[in-house]
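Grab your viewer and let's work through a few exercises together. Try each task yourself before reading the solution.

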Amino acid sequence: ILRLMFGASFHERCLGRVWWWNFPKLIKSATRDHSMIVTRVHRSQVRLLTATGSFVIPSSVSGDVDLPLESSVLNSRSVRSDFKKITEHKFTYEVTKDPIQFEAFYREMHAPYTRLAHGDSAEIEPYEQFRKKLRNWELVLVKGEAEYIAGQLITYERSGPRFYLVGVRDGSREYVRQRVLGAVYQFSFRHLVERGFHKAGLGFSRAFLNDGVLRYKQKLSQRITGC
């Protein structure tokens, strides 16, 4: 957050963890030589923070889109480019519930792509811990000329289908440049429409306007529904 706001022209000092009732005292002492305090809190404490004159930046936002996609979205330059790349690179797809393929997707696509996209701030939940939480799911795998190169995990919840994890084989920048992520989204939409769904949750994105994933989802006419 600090790098986004100030670039390289700032100095920071960690103030550690503080009990909530000591927060006003911390603010009073720290503002003598600091112009801003950045703190991470649970969403249940946001209401209390706003009462102190603070402003809140959510760590992530979630949204959904109507299916099938509106003609204005399908005719946009970005989405037409996705379809062009699908044809150019002869991408195809398959939908599976095979747990072996899911583990391969997690370790060979999701984890490396997350590190590529978020660097030091990447948060990757251990596979064994994550797998225990999964109930009703499907995996959409995109295939290049010889192997699966990207995928998307879709979970089915009471509110409907939700895009949960995405990945690119080995975090390859070349596959990203080939717009394989656009193919992942378009094939996932196609699959859900074929199953009769009229809405898809696009999952969480970093809540910054310069976040590439958030910008792409907004091009799909995403509605922000939560944070």
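**Warm-up: the surface**

Keep in mind that this is a predicted model. The protein's accessible surface is about 14,500 Å², and carbon and sulfur atoms account for 51% of that.

**Exercise 1.** Find out which residues form a nonpolar patch on the surface, then classify Ile57 as buried, partly exposed or exposed.

*Solution.*
- Step 1: The patch consists of Met5, Phe6, Phe55 and Ile57, which together have about 380 Å² of accessible area.
- Step 2: Go to the loop between α3 (46-50) and β1 (60-66), and you'll find Ile57 there.
- Step 3: Ile57 has a relative accessibility of 38%. Buried means under 20% and exposed means over 50%, so Ile57 lands in the partly exposed class.

**Exercise 2.** Now head inside: work out which elements give two or more residues to the largest nonpolar core.

*Solution.*
- Step 1: This core has 30 residues, and Val65, Phe91, Val142, Phe163, Val180, Phe189 and Leu220 have the most contacts inside it.
- Step 2: The elements giving two or more residues are α5 (77-88), β3 (137-143), β4 (148-157), β5 (160-168), α9 (180-194) and β6 (199-206).
- Step 3: α9 supplies the largest share, with 8 residues.
- Step 4: Zoom in on Phe163. Beyond its neighbours within four places in sequence, its contacts include Leu153, Ile154, Phe189 and Leu202.

**Exercise 3.** Look for a second, separate core and say which residues it includes.

*Solution.*
- Step 1: The second core has 12 residues, among them Phe102, Phe105, Tyr127 and Trp137.
- Step 2: For the whole protein, 37% of the 227 residues count as buried.

Key
Residues are numbered from 1 along each chain as its sequence is written. This is a predicted model: local features need pLDDT of at least 70, side-chain atom pairs count only at pLDDT 80 or more; totals for chains, interfaces and linings use all residues. Side-chain values use heavy atoms; hydrogens and water are left out. Patches are made of residues with over 30% relative accessible area and no salt bridge: like charges are joined within 9 Å, nonpolar side chains (Val, Leu, Ile, Met, Phe, Trp, Tyr) within 5 Å. Accessible areas come from the Shrake-Rupley method with a 1.4 Å probe; for residues, only the protein chains shown count as cover. A salt bridge is a side-chain nitrogen of Lys or Arg within 4 Å of a carboxyl oxygen of Asp or Glu. Helices (H or I, at least four residues) and strands (E, at least two) are DSSP runs, numbered from the N terminus. Buried means under 20% relative accessible area, exposed over 50%, partly exposed in between (1.4 Å probe, protein chains only). A nonpolar core is a set of buried Ala, Val, Leu, Ile, Met, Phe, Trp, Tyr and Cys residues joined through side-chain atoms within 4.5 Å. Contact means heavy atoms within 4.5 Å.
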